[in-house]
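Work through the exercises below with the sequence and the 3D structure in view. Each task is followed by its solution.

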Amino acid sequence: MVYNNPLPRIDNILWLARLSLPFPATAGDIYEVAEMWRFNKSTLDFLRLFPTDEVFTSRENFLRRCEELELLLREERPATIDTILSLQD
């Protein structure tokens, strides 16, 4: 899966974790909170990557899973020309 949309700012994810319902909470619950608070498109698109019935047991669990997903997405992005050129040197 190649995700070419912009990733959300970490500040948005941290703020969303503070606003979210008491945990445990599903990804669908957190998405609804993000919509209600009018988070930007990059945050909403990112949250849609989680299955709506996925349960986060705590705020820390939610933040860790977001970080893991972001790292995975960054690793899958195509290398930039600078990276490709530097590997040839």
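**Exercise 1.** Compare the expected span of α4 with the distance between its end C-alpha atoms.

Solution. Helices are DSSP runs of H or I with at least four residues, strands are runs of E with at least two, and both are numbered from the N terminus. The expected span is 1.5 Å times one less than the number of residues. For the 18 residues of α4 this gives 26 Å, and the end C-alpha atoms are 26 Å apart, so the two agree.

This is a predicted model, in which local features need pLDDT of at least 70, side-chain atom pairs count only at pLDDT 80 or more, and totals for chains, interfaces and linings use all residues. Residues are numbered from 1 along each chain as its sequence is written, and side-chain values use heavy atoms, leaving out hydrogens and water.

**Exercise 2.** Which residues of α4 are buried, and where do they lie around the helix?

Solution. Buried means under 20% relative accessible area, exposed over 50%, and partly exposed in between (1.4 Å probe, protein chains only). By this rule Asn-61, Phe-62, Cys-66, Leu-69, Glu-70 and Leu-73 are buried in α4. Seen down the helix axis, the directions to their C-beta atoms fall within an arc of 165°, so these residues line one face of α4. The face turned away from the buried side carries the exposed Glu-60, Glu-67 and Glu-75.

**Exercise 3.** Against which elements do the buried residues of α4 pack?

Solution. Contact means heavy atoms within 4.5 Å. The partners are α1, α2, α3 and β2 (55–56).
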